[in-house]
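Student: Please select one part of this structure and examine it closely. I should then like to see how that part fits into the wider fold.

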Amino acid sequence: MAQITLKSLAHSYSPNPAGPEDYAIREMNHVWHQGGAYALLGPSGCGKSTLLNIISGLLQPSDGQVEFDDSVVNELPPEARNIAQVFQFPVIYDTMTVFDNLAFPLRNINTPEDKVRQRVAEVADILELTPLLKRKARNLTADEKQKVSMGRGLVRDDVSAILFDEPLTVIDPQLKWKLRRKLKEIHERFNITMIYVTHDQLEASTFAEKIAVMYEGQVVQFGTPRELFETPNHTFVGYFIGSPGMNFLEVAIEGEHVVSGAVTLQVTPRVKSAVGRARSANVKLGIRPEFIEVHAEPVEDGMEARILSSQDLGTYSILQLRLGDITLKARVEEDQRIPRDKAYLRFPEQFLGLYVDEYRVELEHE
Ligand SMILES: Nc1ncnc2c1ncn2[C@@H]1O[C@H](COP(=O)(O)OP(=O)(O)OP(=O)(O)O)[C@@H](O)[C@H]1O
């Protein structure tokens, strides 16, 4: 078992990278602590698989170091790194039985047969594969095959880490939920570092204690699901986490006011002075749909908005609103009165984030 440290790590698939856009991983420093349950979350193409393959040794980084505890492992091949990896599609031997498939990684390191039997029984039990142990793998369904593939990743208890690359893609939605719970249970039981790659925020937050959000080859935030929701460090995290994502308004100071396009925003003096201090033309205010106050009647400092649509989602509704030339989304709970055509909006200061050049900055005290 190990702590995995990435030091000034970068990777380009091009032999002569000309600029940052030629890097699948842009320079990053990151630590995965021993025993953590982590998710690596981001959209397609952001570099998740590249990063996993660098950790497992399938890929050599073009720059920087990968360390397991205090040893640099850049030169070590995958088999010497003691890492288990579970891929999107099943990697199993069709002609072997389920038992032999599960036993394979253990027999490969000359584990005594009684220990093999004990570990295979344990993992088969957790993954509900016990009735299938004697079956040939080729006769299994796609779901069952992927469970065996996961079992092969989980069967050794001496690995430095287990890396999962979207392991539930081929699994039926009903079973996905159950398997995620099982992985969590296994993590709690065996205290192995697990890194789980996904592009699905729900999958990430049900599995992981901490999520690394990747965007354009970099980890833009590493935090608990709650931190990512409440204080996104980067506008991308705001968009990507939450359903719907955070609203962002491009803002500037005009005379005495904070404006967004043609709209004068009602904000506190503290927000105004923070916007005024920003030394960039790229300044945004972010607020989650959950935190916009929506009133049916005029209120002090309320900003009048038109309601474009209202989507009833059972216990809450999502309103699409037009504030001047800005489109916003707001969430209204079922016990709240939903205005018909017009609404009056307030942006409570404690829920506003200020973003300069896409990164969050504190609203300092006066
Ligand atoms: N073997 C390769 N050769 C050249 N470019 C590659 C190679 N593999 C990946 N890339 C590029 O590197 C970038 C990161 O890809 P990567 O597969 O790591 O992203 P990802 O986040 O895992 O995406 P997905 O979720 O679609 O698998 C992408 O621009 C991709 O096109």
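Tutor: In this predicted model, Asp 69 sits in the loop that runs between β4 and β5. The backbone of Asp 69 has a positive phi of about 50°, although the residue is not a glycine. Is Asp 69 buried or exposed? Asp 69 is exposed, because 12 other C-beta atoms lie within 10 Å, and a residue with 12 or fewer such neighbours counts as exposed.

The two strands on either side of this loop are partners. Strand β4, residues 63–68, pairs with β5 in the antiparallel sense, over two bridges. Within that pairing, Phe 68 stands opposite Ser 71 of β5. Both strands belong to an open sheet of four strands in the order β2-β1-β4-β5, with antiparallel pairing. The edges of this sheet are β2 (25–32) and β5 (71–72), each of which pairs on one side only. Helix α1, residues 48–56, packs on the sheet and touches β1 (4–11), β2 and β4. The direction of α1 makes about 125° with that of β1.

The ligand has residues of this region around it. Its surroundings include Lys 48, Ser 49 and Thr 50, and α1 spans residues 48–56. Also around the ligand are Gly 42, Ser 44, Gly 45, Cys 46 and Gly 47, together with Tyr 13, Ala 24 and His 199. By class, this shell comprises three nonpolar, seven polar and one charged residues.

A second backbone feature of the kind seen at Asp 69 occurs elsewhere. Glu 166 has a positive phi of about 45° and is not a glycine either. Glu 166 lies in the loop between β7 (161–165) and α6 (173–190). Its setting is described as partly exposed, because 19 other C-beta atoms lie within 10 Å of Glu 166, and 20 or more would be needed for a residue to count as buried. A further backbone feature is the peptide bond from Ser 243 to Pro 244, which is cis, with omega near -5°. Pro 244 is placed in the loop between α9 (235–240) and β11 (247–250).

Another open sheet may be set beside that of the loop. It has five strands, in the order β16-β20-β17-β18-β19, with antiparallel pairing. Its edge strands are β16 and β19 (326–333), each pairing on one side only. From one strand to the next, the twist averages 40°.

Strand β20, residues 342–346, has two faces: Ala 343 and Leu 345 form the covered one, whereas Lys 342, Tyr 344 and Arg 346 form the uncovered one. In a regular strand, side chains alternate between the two faces of the sheet. Strand β16, residues 293–295, pairs with β20 in the antiparallel sense over three bridges, and Val 294 has Leu 345 as its bridge partner. Strand β17, residues 303–312, is joined to β20 by four bridges, and these two strands run antiparallel. Here Met 303 stands opposite Leu 345. Strand β17 is also joined, by six bridges, to β18 (residues 316–323), again in an antiparallel arrangement. In that pairing, Gln 311 stands opposite Ile 318.

Among the helices, α3 (residues 98–107) shows how residues are covered by other helices. Its buried residues are Val 98, Phe 99, Asn 101, Leu 102, Ala 103 and Leu 106. What covers them includes α4 (113–126) and α5 (142–154). An α-helix has 3.6 residues a turn, so residues three or four places apart point the same way.

As to the whole, the secondary structure of the protein comes to 10 helices and 22 strands. Of its 366 residues, 40% are buried. Among contacts with a separation of 6 or more, 67% join residues 24 or more positions apart. Taken along the principal axes, the C-alpha atoms fill a box of roughly 75 × 50 × 35 Å.

The predictor's confidence deserves a word as well. The protein averages a pLDDT of 93, with 99% of the residues scoring at least 70. For the complex, the predictor gives an ipTM of 0.97 and a pTM of 0.91. Where pLDDT is low, the predicted coordinates should not be read in detail.

Notes:
Residues are numbered from 1 along each chain as its sequence is written. This is a predicted model: local features need pLDDT of at least 70, side-chain atom pairs count only at pLDDT 80 or more; totals for chains, interfaces and linings use all residues. Two strands pair if DSSP finds at least two bridges between them. pLDDT is the predictor's confidence in each residue, from 0 to 100. A residue is near a molecule or strand if its C-beta atom, placed from the backbone, lies within 6 Å of it. Ala, Val, Leu, Ile, Met, Phe, Trp, Tyr, Cys and Pro count as nonpolar, Asp, Glu, Lys and Arg as charged, and the others, Gly among them, as polar. Two residues are in contact if their C-beta atoms, placed from the backbone, lie within 7 Å. Axes are lines fitted to C-alpha atoms, for helices over the stretch in contact, and angles run from 0 to 180 degrees between N-to-C directions.
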